[in-house]
Amino acid sequence: MTPEINQDPTPTGAGPLSGYLVVDLSRALAGPHAGMMLGDLGARVIKVENPGSGDDTRGWGPPFVGPEDDRQSTYFLSCNRNKESIALDLKSDDGQDVLRNLIRRADVLVENFRPGVLDRLGFSTDAMHELNPRLVILSITGFGHDGPEATRSGYDQIVQGEAGLMSLTGPGPEDPQRVGVPIADLLSGMYGAYGALAALLERDRTGRGQVVRTSLLAAIIGVHAFQGTRTTVAGEVPQAQGNHHPSIAPYGLFSCRGGKVQISVGSEKLWATFARTFGLDPAKFPTNSDRVTNRDALIRDIEDAFSAFEAEPLLEKLNAAGIPAGKVRSLDEVYAWEQVHSQGLLVDVEHEALGRISLPGPPLRFFGAGGETTNTGHAAPPLLDGDGERIRAWLAAADGGGSTNDGRSANDGARR
């Protein structure tokens with residue numbers, strides 16, 4: 001098939017994955033976030049949803065926005081930009097036929113069903129690779145695809161607790177707290193997208209796709225970082241200790257007159273500078289180990305010194321001295337911040353039901369050899385089945401132009 005028939009324009013029109021097709025069977029957050037990341041990179045992402053209800057997150061709220069007869073969930077808007085939507089009943093012959101057609105043409109398929117669900121629908125890994133041997137399948141579960149608890153449902157807060165993150169978060173060990181965003185979902189989506197890209201690179205060498213598997217559990221354990229090695233190597237069991245770093249001091253949130261500021265003093269040179277700047281004796285706690293061991297006394301000394309300053313003058317003094325410091329911003333302050341705008345972290349899109357809206361933008365920017373950006377724009381999250389008719393017409397036209405039953409991705413010609 002020619003690229004003109006098989007390659008519908010991507011929502012962004014450009015990017016490193018321009019010309020690649022992603023079929024997103026996932027719902028809620030982990031899989032949709034992975035799919036959105038691939039869409040941000042320029043891939044064409046076709047989101048397959050249940051007829052009538054769509055992705056679960058279309059009903060998650062409030063808040064809902066828009067006209068009374070077409071309310072939109074802001075949760076759904078957060079993880080589905082740069083996608084098209086088609087509604088398919090995967091238990092029906094028609095839905096299965098359309099999905100098979102999409103799989104034949106896809107580069108990546110994203111799914112986060114419980115283990116065994118796709119097999120029962122007739123779309124096992126073997127069946128999908130028979131349709132398209134070059135297909136990369138990204139599969140995300142809650143607790144992993146095998147092992148004694150593979151069949152458990154994976155919900156973010158439950159996994160935050162089970163994977164130990166909540167034991168590290170909060171004011172103290174008796175008051176575990178979840179992270180304020182669904183971090184297990186988001187991290188598993190990020191790891192999944194990263195794995196899918198690696199599988200696409202390997203496919204260039206082998207000519208065959210493979211299955212990439214991750215889970216919410218794996219994603220949280222993957223970011224335990226130094227807290228993990230405290231346990232596995234040093235034999236310590238870390239506990240929550242509020243807004244101060246367990247291994248570096250002073251590093252955390254400190255009170256001043258009428259407010260709070262954050263500082264990070266990560267070297268002995270910075271400590272000497274900081275102490276001199278605020279009239280403290282650097283020899284009282286000469287090493288980082290001394291300061292960590294005597295953290296409570298150190299905090300008292302610092303907050304006594306900070307009590308003479310309002311937050312903004314204090315931040316100016318810290319910055320002038322070269323001490324890493326900052327404030328705690330509310331989200332409305334974040335999205336009004338010029339630095340955020342300068343990094344492309346807020347994007348405006350035209351939504352079919354809502355008109356022009358602003359969305360948090362992608363965290364990556366790409367620049368060509370001449371310094372110009374290769375990012376061109378973004379598409380609003382789709383209405384349920386908003387692209388279904390057009391996708392079906394594209395598939396019909398593609399079928400009329402030839403067959404891809406040899407399993408070759410229909411988009412390959414655009415990239416070779």
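In this predicted model, the charged ends of two basic side chains sit over aromatic rings, as tabulated here. A charge sits over a ring if NZ of Lys or CZ of Arg is within 6 Å of the ring centre and within 35 degrees of the ring normal.

| Charged residue | Ring | Distance from ring centre |
|---|---|---|
| Lys317 | Phe278 | 5.8 Å |
| Arg329 | Trp337 | 3.6 Å |

Phe278 also belongs to a cluster in which ring pairs link Phe254, Trp271, Phe274, Phe278, Phe306 and Phe309. Rings of Phe, Tyr and Trp (its six-membered ring) pair if their centres lie within 6.5 Å; planes under 30 degrees apart count as stacked, over 60 as edge-to-face and the rest as tilted. The count by this rule is seven aromatic pairs. The pair of Trp60 and Tyr75 is edge-to-face, because the ring centres are 5.0 Å apart and the planes stand at 90°. Trp60 lies in the loop between β2 (44-49) and β3 (64-65) and Tyr75 in helix α3 (residues 74-77), so this pair ties together parts 15 residues apart in sequence. Helices (H or I, at least four residues) and strands (E, at least two) are DSSP runs, numbered from the N terminus.

Trp60 is partly exposed (20% to 50% relative accessible area, 1.4 Å probe, protein chains only), at 34% relative accessibility. Tyr75 is likewise partly exposed, at 25%.

Strands β9 (residues 251-256) and β10 (residues 259-264) pair in the antiparallel sense over six bridges, pairing requiring at least two DSSP bridges. Ser255 stands opposite Lys260 in β10.

Residues are numbered from 1 along each chain as its sequence is written, and side-chain values use heavy atoms, with hydrogens and water left out. Local features need pLDDT of at least 70 and side-chain atom pairs count only at pLDDT 80 or more, whereas totals for chains, interfaces and linings use all residues.
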